[in-house]
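Student: Could you walk me through reading a structure, one feature at a time?
Tutor: Sure, let's put it on the screen and start with helices.

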Amino acid sequence: MLEHIRVVDLCDGISQFAGHMLVHLGAEVIAVEPTVGVATRHMGPFVDDEPDPDASLTHWAYNRGKHSLALNVESSEDRDKFRTLIAGADILLEDCRPGYLASLELSYADLAEINPGLIHASITPYGSEGPRSRWLGTDLTAVAGSAFMYASGDADRAPLRIGLPHSFLHASADAAAASLIALQERDRSGVGQHIDVSAQESVTIGFPQNVAPMENALAADRIAGGISLGGMDIPLLFSCSDGYAICVILPGVAFAPFSRRLTEWLNDEGAADENLLTIDWDNIGVQLFAGEVSFSVLLEAFETYGKFLATKSKAQLWEAALSRNLLITPSMTIADLVDYEHLHARNFWDFQSVKNGNNAQHPGALVKFHNTPTEVRGSPPKLGEHNKTVTVDRKLKFGAKPTTKDSLPLEGLKVVEFSWVIATPSAVRILSDYGADVVKVETASRPDTMRTVNPFVNEDPHPDNSVGYGVYNAGKRSLSLDLSKPESREIVFDLIRWADIVTESFAPGAMGRLGYGYDVLSEINPGLIMLSSSLLGQTGPHSRLAGYGFMAAAIAGYYELTGWSDRPPAGPYGPYTDFLAPRIVVATLMAALENRKTTGKGDHIDLSQTECALHYLAPAILDQSVNGRTIQRQGNYDPHMFPHGVFSSRGEDSWVAVACSDESWPALAAVIGLDSLTDINQLERREQSALIDAAVTVWSSARDNDSAAEELQNAGVAAYPVHDAAGTNTDPQLRHRQHQIQVPQSHAGSMWTHSCRTKMSRTPAVLTRGGPCLGEDNFEVLSELLGYSVDKIADLAASEVLE
């Protein structure tokens, strides 16, 4: 799909995930490494735990399919060779510290003189510019500044990160997607640009709780294995006889049928009590907040459900979820995942022979393309393996003539969206940010679930007043259309004729049953690109399972990876796979668009949220399949740094994140008063962990978290305040990047939302309106886009097809 695109990957750490994504979409990716190899080659785990730069499973995870070119860009000779390489490149990906490339005369401005069409993406902890852009950063400090960490973990302990580093994976996936968006604009203008990606902001984006304080709404509280809605703690994680499971039991119309079916199961087995049988699941949310029903009723119901689920095995819960259509999934370990029958049935895994006789299981395709299957062949490259085979001097293959007009990258792109909740809508929001015209189709009887979910502006639970809906749907048009009415069929088909892209996230097969399957829609519009998003994909024995990202996060192992070793899983905050999938949605849609330019044909993309999420866990999956080691929750532990954790600071539930490398230990020891220990190594430090952790805590507890972080940064130690939602509103770095912006919104007058997650230098994203009110744009869509007359629109309204 991207075979004509050359990417130079200068990333040293796990930001190599950006190049990994582009390799999976067919691009030629050249990994430029120092002569000693990139940092990931020296990170464990290793095959058989034997350190070897060609046997690091962390390196294998994100570099298979790339070419390795060993160059020392700090030497003048190799730097000239690098410049020659850049002259023929389409995209440069790098995670250098801000200012480093400029010191070598390899900044974007320098490289654009060599190659005006270059798209250069920089991935940094906090962004390339701003008051904290030069702060030392790690995965821990970036996620601390996002507020996502604050909301994850047990309420009575320090906030938690995901069990494996994730913030730079978020950022690098954003960089890959944005680079492909920028390619669309370059094909018109002939000019590239710089893309600035902040790991802190990438994790923060799509987290609507962060703008809640700005809208006089309640933000999220920290609760292990559950969520907090309007001050009410709702468990999602329950014990079962052989582990744990996620069971989504939430108030609201969208969840009511599932809760009723769960109650019926308990009743069939004599486990339902009178309290459970009298709950009106359609209206329980309204009744609770109106004071008509006590919260104790719901808490008692959760206890009853919990006792029942504890008697069932994971296998029994799977069978019931599928046969009874329940929102239940087991909480899988990495060991469970590598043997999971559904993934094997979908041929998800790619296998690589390993010297110890095992087969390394690599996550396979990002998505399944119907017309243009993609695959990554071969083993991860050895250091410098392609020094003699890579053609450094290459002529660029795009033919646009430079122009002075800078239009938004996706101007003219037309999108029809039948998707809802978070995963796909937040991806489509990115398309809208960069100029696409998006029509979101909903119905009043079946609105997007996000319209019913906290937080609400001024705590007013109106469907047009949801902050979350506004974050994920800002900039779009709303068409309210009753798809059950025969008259809607003509409108849908006319929209498909108009569109370049259509997205949907109904249960697998639902679009086909409605008469809108890809086979039908592609007959109407052969160039149509259709994306179908679901928990487990459109095929396979468990594909019919419908549900939410909480469930996919459990299937993908995230609950077992996040928490404390002496407690049940805490899990990451919210429907975590919904935050991971959007970048892959955008990247694959852009790849399909690129492919359509040469083939003239569209495609159908089968996206499994679970499979997307497993790419982010590749090192752990490889460790399991190669070494037989199952990584599980271990607080904020990091194998490469110590001390590494979240420490209390002055104030209630206030924390600062500290990530100490071997190089920064002497400075930290001096700051916290352990001067006598400045010369000890990391192993020796871990042996004295109680003493060191206590010393850090005593020191940090006497300071507010901002002051503590600044003092440590000034000493040369990576640290960041652990922000709650309000903290992100005042963070100087996020403010500099205009992270939160206020836009017009028809119901509330205005609404705060997030700006675009990536910053383009020449054609930055533009947002002019908030999330639309339901059906707000009916007339404009039908008249301006589809050319319907006023009389025809009136007839449709009279027939109640426009809800």
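Tutor: One definition before we look: axes are lines fitted to C-alpha atoms, for helices over the stretch in contact, and angles run from 0 to 180 degrees between N-to-C directions. Helices (H or I, at least four residues) and strands (E, at least two) are DSSP runs, numbered from the N terminus. Also, this is a predicted model, where local features need pLDDT of at least 70 and side-chain atom pairs count only at pLDDT 80 or more, while totals for chains, interfaces and linings use all residues. Residues are numbered from 1 along each chain as its sequence is written, and side-chain values use heavy atoms, with hydrogens and water left out.

Student: Okay. How do I describe two helices that pack?
Tutor: Two packed helices are described by the angle between their axes and the distance between the axes. Here, take helix H9 (residues 256-268) and helix H12 (residues 295-309): their axes come within 11 Å and cross at roughly 55°.

Student: Are H9 and H12 oblique or parallel to each other?
Tutor: Here are the cut-offs: angles under 35 degrees count as roughly parallel, over 145 as roughly antiparallel, 65 to 115 as roughly perpendicular and the rest as oblique. H9 and H12 are therefore oblique to each other. Handedness is the other thing to read: a crossing is left-handed if the near helix is turned anticlockwise from the far one by less than a right angle, and right-handed if clockwise. The crossing of H9 and H12 is left-handed.

Student: Which residues of H9 and H12 make the contact?
Tutor: Contact means heavy atoms within 4.5 Å. H9 brings Ser259, Leu262, Thr263, Trp265 and Leu266, and H12 brings Thr304, Tyr305 and Phe308. To sort them by class, count Ala, Val, Leu, Ile, Met, Phe, Trp, Tyr, Cys and Pro as nonpolar, Asp, Glu, Lys and Arg as charged, and the others, Gly among them, as polar. The contact of H9 with H12 then has 5 nonpolar, 3 polar and no charged residues.

Student: Now sheets, please. When do two strands count as a pair?
Tutor: Two strands pair if DSSP finds at least two bridges between them. In this model, 3 strands form an open sheet in the order E9-E10-E11, with antiparallel pairing. Strand E9 (237-240) and strand E11 (328-330) are the edge strands, each pairing on one side only. From one strand to the next, the twist averages 35°.

Student: How many bridges are there between E10 and E11?
Tutor: Strand E10 (residues 243-247) pairs with E11 over 3 bridges, in the antiparallel sense. Cysteine 247, for example, has isoleucine 328 in E11 as its bridge partner. Helix H13 lies across E9, E10 and E11, running at about 150° to E11.

Student: Which residues of H13 are buried?
Tutor: Buried means under 20% relative accessible area, exposed over 50%, and partly exposed in between (1.4 Å probe, protein chains only). In H13 (residues 314-324), the buried residues are Lys314, Leu317, Trp318, Ala320, Ala321 and Leu322. Right after H13 comes asparagine 325, whose phi is positive, near 55°.

Student: What about a sheet with more strands?
Tutor: Try this one: 7 strands form an open sheet in the order E3-E2-E1-E4-E5-E6-E26, and the pairing is mixed. Its edge strands are strand E3 (67-70) and strand E26 (759-760). E1 and E2 run parallel, joined by 4 bridges, whereas E6 and E26 run antiparallel, joined by 2 bridges. Valine 8 stands opposite isoleucine 30 in E2, and 5 of the 6 residues of E2 are buried.

Student: Where is leucine 85?
Tutor: Leucine 85 is in helix H3 (residues 76-87). Its relative accessible area is 0%, so leucine 85 is buried. Leaving out residues up to four places away in sequence, leucine 85 touches Arg6, Val8, Ile30, Val32, Leu69 and Val392.

Student: And can a loop residue be read that way?
Tutor: Yes, here's a case: threonine 40 lies in the loop between strand E2 (28-33) and helix H2 (57-63). Threonine 40 is buried, with a relative accessible area of 0%. Sequence distance is worth reading too: alanine 217 and valine 457 are 240 residues apart in sequence and 5.9 Å apart in space, C-alpha to C-alpha.
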